[in-house]
Amino acid sequence: MVRKGNLRIHAARTIALGGLIAVLVYTLITTVSSAMIRHRYSEFGSIDAQKTAEYAISLQDYVTEKQIPSQDREALRVWTDQHRYLYITVYKGDLPILEEGFYYKETSNSRHINPVLKAQSPITFADGTFTVVFEDYSYIRKAQIWQLFAAITAFWPLLIVALYWIRFLSRYISTLSQAAQRINHGDLLTEVSLPPHASQEIISLAENMDEMRETFLDRLSKEKERSRSNQELLTVMSHDIRTPLTTLIGYAEIMDKSPDLPEEERKQYSSIIYQRALRLKELTDEMFYYFLVYGSSDIQVDLGFYNAQVLIPQLLNDRLSAFQDLDVEFHTEGIYYPFIVHTDISLLNRVFENIFSNIRKYGDLTHPILIRAERKEYDFIHVYIRNRIRDESHDVESTHIGTKTCTKLMELLDGSFIARSDAEYYTAEVLIPISHTASVNDI
């Protein structure tokens, strides 16, 4: 009953179908009933002596009792009102002088209506004897009853067709309602689907609900993953913080309880305390920035259009300048690409700062650092950075806070960040989105 397509068209077709069936039913009943009535009263115009005598006797008694003249219309109307489907005509000779009775005769359809009885009888009025013609239209009452029955009967097909269509429609709505209840009760794994022959609007609603379910499921999964990552982070961070903190407290306690400690040892302990304090500051800064990025839903992103040929060398040179005192060798390839990138310099600067901070802490700076920038997949500037890892750095535990933070920052910039390390090399890749709507002349 319900077909794929516009719901309003379905409704119009259903109403049209129901209306057509109703008209056919009404026409059939009225046609059959008319035939039955015609068969019952097949001798229109024949004289029924008994019925005529009843009408004549009744009218004569009424006229005699009331002493009614032949042209007293009001008095005759009182009598005809008692005989609902009777029409009388009073003749003086061949001339009709008064007509009264069944008003249906006076309608525009009167020429199509024939009486079932038409007879005449002399009636003595107060002003003389006149001929009265009686016309009996009592069959019209039966025709009206049949018409009412036909109208009531014809209504039911329209109602049944409409209810049948609504039943199919409500079945789909009930399916969507049950799906909404499942989602409300936490069932996010069951798909919201309907048969392909449902109307397009209902299918679209089901698809939207299913997209909402998948979106919510994805967000819930990410939230659980983030909660798990945060828990792991806190576990690792608590260990990393306790280690330098315990060392710091231990050496501070030694210095506090040993006033006669040699100056050389005191300087050594002070240096250790200072280094551990810097490490604590570094850990707390990283943790603060991590929770700032992952715990806030409204991080301010100041996007702008920049010439990659200027921006990328500037970001790299700012970082490379910190390695000047270490005599580090850099190999750069394909840095100069005159494309316009759409990004936030502050957040992008944070990403490169983290990369080169890791290189400085864990890299083997006696080997060259490779930096390559190139266009990738038409939509991105791909910055590739690789350096050799120091052997002792493999034993250093890392929270990977910086990597996670950079990944989140590049997601905010519609780009991506990938960092990986193996037994020999640390590699970082940054994808910065290229703008295809702006040109060098626009900035």
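I begin with the term I need for K257: a residue counts as exposed when its relative accessible area is over 50%, as buried when that area is under 20%, and as partly exposed in between. K257, with a relative accessible area of 58%, is therefore exposed. I keep in mind throughout that this is a predicted model.

**Entry on the salt bridge of K257.** I looked up the partner of K257 and found E253, whose side chain meets that of K257 in a salt bridge with 2.9 Å from N to O. E253 is partly exposed, its relative accessible area being 39%. Both residues belong to helix α5 (residues 200-257), and because they are 4 residues apart there, about one helical turn separates them. I note the general background that an α-helix has 3.6 residues a turn, so residues three or four places apart point the same way.

**Entry on the other salt bridges.** How many salt bridges does the count come to? I arrive at 9 salt bridges. One of them joins R77 to E100, with the closest N and O atoms 3.3 Å apart. Since R77 lies in helix α3 and E100 in strand β2 (residues 95-101), this pair ties together parts that are 23 residues apart in sequence. I then checked the accessibility of the two residues and found that R77 counts as partly exposed at 25%, whereas E100 counts as buried at 2%. R77 and E100 also belong to a network of salt bridges that links them with R73 and E74. I looked up E429 and R420 as well, whose side chains meet in a salt bridge at 2.5 Å, N to O. E429 is buried at 12% relative accessibility, while R420, with a relative accessible area of 43%, is partly exposed.

**Entry on helices α4 and α7.** I compared the span of helix α4 (residues 139-184) with what its 46 residues should give at 1.5 Å a residue: the expected value is 68 Å, and the end C-alpha atoms are 65 Å apart, which agrees. Among the buried residues of α4 I list Y139, I140, W165, F168, L169 and Y172. After α4 comes G186, and its phi is positive, near 100°. Helix α7 (residues 308-320) has 13 residues, and from its first C-alpha to its last it reaches 18 Å, close to the 18 Å expected. At the start of α7, I found a side-chain oxygen of N307 within 3.0 Å of the backbone nitrogen of Q309. The buried residues of α7 include A308, L311, I312, L315 and L316.

**Entry on positive phi outside glycine.** Which residue has a positive phi of about 55° although it is not a glycine? I found that this is Q67, placed in the loop between α2 and α3 (73-81). At 53% relative accessibility, Q67 counts as exposed. D414, again not a glycine, has a positive phi of about 60°, and I located it in the loop between α9 (401-412) and β10 (416-421). D414 counts as exposed at 57% relative accessibility.

**Entry on T52.** Is T52 buried or exposed? I find it buried, because its relative accessible area is 7% and the cut-off for buried is under 20%. T52 sits in helix α2 (residues 49-66). I also looked up T52 together with F134: they are 82 residues apart in sequence and 7.4 Å apart in space, C-alpha to C-alpha.

Key: Residues are numbered from 1 along each chain as its sequence is written. This is a predicted model: local features need pLDDT of at least 70, side-chain atom pairs count only at pLDDT 80 or more; totals for chains, interfaces and linings use all residues. Side-chain values use heavy atoms; hydrogens and water are left out. Helices (H or I, at least four residues) and strands (E, at least two) are DSSP runs, numbered from the N terminus. The expected span of a helix is 1.5 Å times one less than its number of residues. Buried means under 20% relative accessible area, exposed over 50%, partly exposed in between (1.4 Å probe, protein chains only). A polar contact is a pair of N or O atoms within 3.5 Å; within protein, one must be able to donate a hydrogen and the other to accept it, and residues adjacent in sequence count only if both atoms are side-chain atoms. A salt bridge is a side-chain nitrogen of Lys or Arg within 4 Å of a carboxyl oxygen of Asp or Glu.
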